[in-house]
Amino acid sequence: MKLSISRDYLLTYITEFLVIVSGVLIYRLAANRFSGIDFSLFAIIRRTVSLILPLVLLGVGVGIPRYVALTEDESTGTNYLVSGLLLSFIGFFIFAIPCYIFREEMSFLIFSSSGYSEVFAPMLLMIGAMLFHSATYSYLRGKMMMMRANLLQLCNLGIAPLIGFFIYEELVPVLYFSALSWFVFSFFFFLITAKDMSIRSSIILSQVKELLTYGVQRVPGDLLLAGFFAFPAFIVSHISGVEEAGNVAFAVTLLSLAGAFFGPVSLLLLPKAAAFIKAKNLQGIREISRKVMNNTLVLTFIGVVIFIFLSETFLDLYLKNYNPAMVNTVRIIMLGAVGYCVYIVLRSILDAVSVKGLNTLNILISFGVFATISTVVLLAGLSLEIIYYGFVISVSLLGYLTSRKILSFLKQEA
């Protein structure tokens with residue numbers, strides 16, 4: 001078992017590292033290939049997809065691996081993938097149809113101009129394809145089939161987006177290619193997984209209800225968390241225009257990449273913690289919680305200090321042609337990496353130990369702080385930098401609240 005767990009961590013870290021490298025290359029290619037406006041649109045679209053995805057996913061990305069890991073009946077566990085796909089695609093169509101009909105109004109809301117409505121069709125297709133990916137990937141996590149899960153992750157998030165830039169030179173075709181390739185890879189992995197499943201239609205409806213009860217408590221939190229990473233760019237787009245908003249979106253993406261470094265820990269902690277709960281091994285949960293929290297604090301603090309000093313050099317190597325104002329924006333936003341990474345590694349434990357949306361409450365409090373600071377800045381006409389610092393304070397608070405909730409749980413169970 002220890003050998004298997006170590007191998008799973010190693011493979012997952014390698015995969016997520018390659019995905020991070022791919023993400024870096026994607027923005028480099030986008031900066032070189034697109035104009036200033038198209039690059040900003042590309043950055044904002046990616047943040048928008050991240051914002052909308054939790055809303056339509058309805059928590060199945062967390063619910064599927066939890067219930068698959070907890071269930072004792074093998075045949076029952078295999079049906080959670082079908083149930084999760086059904087639930088998430090219902091949510092997708094409820095959102096996508098009115099969004100496409102009112103795409104000009106949505107374009108103004110997101111980009112402060114109705115002239116970008118042509119990107120909504122590929123953007124919605126990207127969201128639908130990513131739903132398919134998320135459900136399939138989550139099921140493979142729950143089954144601890146990490147070799148297959150990591151290969152799916154690498155194909156969709158690492159390889160496919162890069163290929164699009166080598167085939168097409170314009171923004172919209174690149175978006176369409178991403179959506180199509182995500183769907184094709186997800187469908188392929190679904191097929192090779194479904195052949196080993198014993199689908200029982202009699203329990204699908206009850207599982208949909210079960211996933212909905214569990215997941216709906218997490219949707220507000222997931223949506224607000226995505227809002228952390230999307231709203232700064234939306235706000236700036238209405239104040240200073242799309243190009244400056246693109247700089248903010250890029251800075252927030254770098255923060256997301258920092259969190260992605262710790263993603264493998266979070267990905268494996270959810271099914272592992274659920275297995276501890278099934279075995280009533282609370283000591284195992286205590287030990288792993290303390291270990292990952294301490295390691296994350298040390299590594300992220302060192303990483304942030306190094307990045308602050310080398311940020312200008314990094315941007316010179318990465319983007320070459322960039323707005324000098326981006327340097328300061330990136331430095332400020334990256335200060336939130338410590339709190340965000342702590343949240344990333346610990347959130348899975350909270351999702352595993354309780355059906356209640358404990359993370360949602362923490363996110364709600366933190367986002368309320370961000371919204372309050374942003375509102376004051378807008379009403380008083382203060383510097384945009386205060387919004388950036390407000391973002392950092394809010395994300396740092398999220399990490400603190402998450403760690404406090406974990407420590408409280410450990411103390412109660414000691």
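# Pockets, rings and helix faces: worked exercises

In this predicted model, helix α14 gives the most to the lining of the largest pocket, with eight residues. Let's start there and work outwards.

## Exercise 1: the largest pocket

Describe the largest pocket by volume, by the helices around it and by the chemistry of its lining.

**Solution.**

Step 1. Start with the volume, which comes to about 560 Å³. The lining counts 20 residues, and the closest to the pocket's centre are Leu257, Ala258, Phe261, Phe307 and Met334.

Step 2. Sort the lining by helix. At least two lining residues come from each of α1 (2–33), α12 (242–261), α14 (282–318) and α16 (337–353). Among these, α14 is the top contributor, with eight residues.

Step 3. Sort by class. You get 18 nonpolar residues, two polar ones and no charged ones.

## Exercise 2: the second largest cavity

Find which residues line the second largest cavity, and work out which helices and classes they come from.

**Solution.**

Step 1. Count the cavities. With a cut-off of 30 Å³ or more, a search of the whole structure turns up two. The second largest encloses about 40 Å³.

Step 2. List the lining: Ile26, Phe42, Arg46, Met126, Pro161, Phe165, Leu175 and Ser178.

Step 3. Map the lining onto helices. α2, α8 (146–167) and α9 (171–194) each put in at least two residues.

Step 4. Classify. Six of the lining residues are nonpolar, one is polar and one is charged.

## Exercise 3: one side of a helix

Decide whether the buried residues of α6 sit on the same side of the helix or on opposite sides.

**Solution.**

Step 1. Pick out the buried residues of α6 (residues 103–111): Ser107, Ile110 and Phe111. Around the axis they span an arc of only 75°, which places them on the same side of α6.

Step 2. Check the spacing against the helix rule. An α-helix makes a turn every 3.6 residues, so residues three or four places apart point the same way.

Step 3. Flip to the other face. Turned away from the buried side are the exposed residues Glu105 and Leu109.

Step 4. Look just past the end of α6, where Ser112 has a positive phi of about 60°.

## Exercise 4: aromatic geometry

Classify the ring pairs Tyr27–Phe39 and Phe370–Phe391, and say which helices each pair connects.

**Solution.**

Step 1. Get the overall tally: 19 aromatic pairs in the whole structure.

Step 2. Take Tyr27 and Phe39. Their ring centres are 6.1 Å apart and their planes stand at 80°, so this is an edge-to-face pair. Tyr27 belongs to helix α1 and Phe39 to helix α2 (residues 36–57), 12 residues apart. Both Tyr27 and Phe39 are buried.

Step 3. Now do Phe370 and Phe391. With centres 6.3 Å apart and planes at 80°, this pair is edge-to-face too. Phe370 is in helix α17 (residues 358–380) and Phe391 in helix α18 (residues 384–413), so the contact ties together parts 21 residues apart in sequence. Phe370 and Phe391 are both buried.

Step 4. Follow the ring pairs into a cluster: Phe89, Phe92, Phe93, Phe132, Phe183, Phe187 and Phe190 are linked this way.

Step 5. Add the arginines that lie over ring faces. Arg66 is over Tyr67, at 5.2 Å from the ring centre, and Arg103 is over Tyr100, at 4.2 Å from the ring centre.

## Exercise 5: positive phi in loops

Find where Leu58 and Met144 lie, and compare their phi values and burial.

**Solution.**

Step 1. Recall the background: most residues other than glycine have a negative phi.

Step 2. Place Leu58 in the loop between α2 and α3 (60–70). This non-glycine residue has a positive phi of about 55°. Its relative accessibility is 15%, so Leu58 counts as buried, the cut-off being under 20%.

Step 3. Place Met144 in the loop between α7 (120–142) and α8. Met144 isn't a glycine either, and its phi is also positive, at about 55°. A relative accessible area of 28% makes Met144 partly exposed.

## Exercise 6: a contact across the chain

How many residues along the chain separate Ala129 and Val184, and how far apart are their C-alpha atoms?

**Solution.**

Step 1. Locate Ala129 in helix α7. Ala129 is buried, with a relative accessible area of 2%.

Step 2. Read off the separations. Ala129 and Val184 are 55 residues apart along the chain, with 8.5 Å between their C-alpha atoms.

Notes: Residues are numbered from 1 along each chain as its sequence is written. This is a predicted model: local features need pLDDT of at least 70, side-chain atom pairs count only at pLDDT 80 or more; totals for chains, interfaces and linings use all residues. Side-chain values use heavy atoms; hydrogens and water are left out. Buried means under 20% relative accessible area, exposed over 50%, partly exposed in between (1.4 Å probe, protein chains only). Helices (H or I, at least four residues) and strands (E, at least two) are DSSP runs, numbered from the N terminus. The arc is that of the directions from the helix axis to the C-beta atoms. On a 1 Å grid over the protein atoms alone, a cavity is a set of points where a 1.4 Å probe fits but cannot get out, and a pocket is an open set with protein on both sides within 12 Å along at least five of seven lines; lining residues have an atom within 4 Å of a point. Grid points are joined across faces, edges and corners, and a volume is the space filled by probe spheres set on the points. Ala, Val, Leu, Ile, Met, Phe, Trp, Tyr, Cys and Pro count as nonpolar, Asp, Glu, Lys and Arg as charged, and the others, Gly among them, as polar. Rings of Phe, Tyr and Trp (its six-membered ring) pair if their centres lie within 6.5 Å; planes under 30 degrees apart count as stacked, over 60 as edge-to-face and the rest as tilted. A charge sits over a ring if NZ of Lys or CZ of Arg is within 6 Å of the ring centre and within 35 degrees of the ring normal.
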